[in-house]
Amino acid sequence: MTKFNLPKVDDLFRSMKQENQYISISDLNYKKQKYFIIFKGIKEHKNFQNINYNMRLEFYLADSIDRHIGPYLVNKYGFPMDELDRIQTEIRRFFKINSSKAGPFLPTFLSEINTQMDDNVTNPNENNENERKAISSSCLEEQDDINKIYCYAIKKNRTGYKRTEKNTDKAKALEPELYDLLVNYAADKSETFSFCFSSEESDKKSPNEIITNLKKRKQI
């Protein structure tokens, strides 16, 4: 391995560590079609075949979030060599890349990702429902729904239970202001609270409303 196909991955990971947020979204325009890429940083690098990987990425079709592939381990060199055949097959199918064309397509494909991806943590546009749903899909938990993108409350978890990593990632990406308000209010107890999301936009409440309601319940 001598060529860096995805050097921005390291830049993005540094940004994640600095921001203490390990999820980010970027747009990808490829062959006149728009996609989203979800990047999820790995806090403790994943060792696979004696090589460290600091990121996982997922691809979403921008106008149809239920169509997606991944997650795939990745580092600045690209994908794991031992999984290249499978990954290339899935990428060709998903992006409709003609397999009959001679020559490897992956280096060019990775270069295109590196050119278009953000090298700083980027949250979805507040007014872009599909970007928000892609984040929700990436953070999906059991009995959850990708359409639940509107935060309406913060709940106190049962004694001994902390907020899940997926709920944390989702809140940081979709409700960064609210997340910061909770941390400021609850301090070291903030992990004992979880964020509640609805699929109905009419249920959505502002960060200040949610914190005010939490304070009224006096759960700290």
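## How α4 and α5 pack

In this predicted model, helices α4 (residues 129-138) and α5 (residues 165-174) pack at an angle of about 165°, and their axes lie 9 Å apart. That makes α4 roughly antiparallel to α5, a label used for angles over 145 degrees, with under 35 degrees counting as roughly parallel, 65 to 115 as roughly perpendicular and the rest as oblique. Axes here are lines fitted to C-alpha atoms, for helices over the stretch in contact, with angles from 0 to 180 degrees between N-to-C directions. Helices (H or I, at least four residues) and strands (E, at least two) are DSSP runs, numbered from the N terminus.

α4 passes α5 in a right-handed crossing, meaning the near helix is turned clockwise from the far one by less than a right angle; anticlockwise would be left-handed. On the α4 side, Arg132, Ile135 and Ser136 make the contact, and on the α5 side it's Lys170, Ala173 and Leu174. Contact means heavy atoms within 4.5 Å. By type, the residues of this contact split into 3 nonpolar, 1 polar and 2 charged.

## What surrounds α5

Helix α5 has 8 of its 10 residues buried, so the rest of the structure largely encloses it. Buried means under 20% relative accessible area, exposed means over 50%, and partly exposed is in between (1.4 Å probe, protein chains only). The buried set is Asn167, Thr168, Asp169, Lys170, Ala171, Lys172, Ala173 and Leu174. Those residues pack against β1 (23-30), β2, α4, α6 (176-186) and β6 (193-198).

## Backbone oddities

Most residues other than glycine have a negative phi, and most peptide bonds are trans. Here's one cis case: the bond joining glycine 70 and proline 71, with omega about 10°. Proline 71 sits in strand β4 (residues 64-74).

Two non-glycine residues turn up with positive phi. Asparagine 20 has phi near 55°; you'll find asparagine 20 in the loop between α1 (8-19) and β1, and it counts as partly exposed at 43% relative accessibility. Lysine 31 has phi of about 50° and belongs to the loop between β1 and β2. With a relative accessible area of 52%, lysine 31 is exposed.

## Tyrosine 72 and serine 199

Tyrosine 72 is also in strand β4, and it's buried, with a relative accessible area of 2%. Not counting residues up to four places away in sequence, tyrosine 72 touches Met55, Arg56, Leu57, Phe59, Phe79, Arg86, Ile87 and Glu90. Its C-alpha is 32 Å from that of leucine 182, which is 110 residues away along the chain.

Serine 199 is in the loop between β6 and α7 (207-217) and is partly exposed, at 33% relative accessibility. Leaving aside neighbours within four places in sequence, serine 199 is in contact with Asp145, Asn147, Lys148 and Tyr150. Glutamate 83 is 116 residues from serine 199 in sequence and 36 Å away in space, C-alpha to C-alpha.

## Confidence and conventions

The protein chain has a mean pLDDT (the predictor's confidence in each residue, from 0 to 100) of 92, with 94% of its residues at 70 or more. Confidence is highest in helix α4, at 98, and lowest in strand β2 (residues 33-48), at a mean of 90.

Residues are numbered from 1 along each chain as its sequence is written, and side-chain values use heavy atoms, leaving out hydrogens and water. Local features need pLDDT of at least 70 and side-chain atom pairs count only at pLDDT 80 or more, while totals for chains, interfaces and linings use all residues.

Conventions: Ala, Val, Leu, Ile, Met, Phe, Trp, Tyr, Cys and Pro count as nonpolar, Asp, Glu, Lys and Arg as charged, and the others, Gly among them, as polar.
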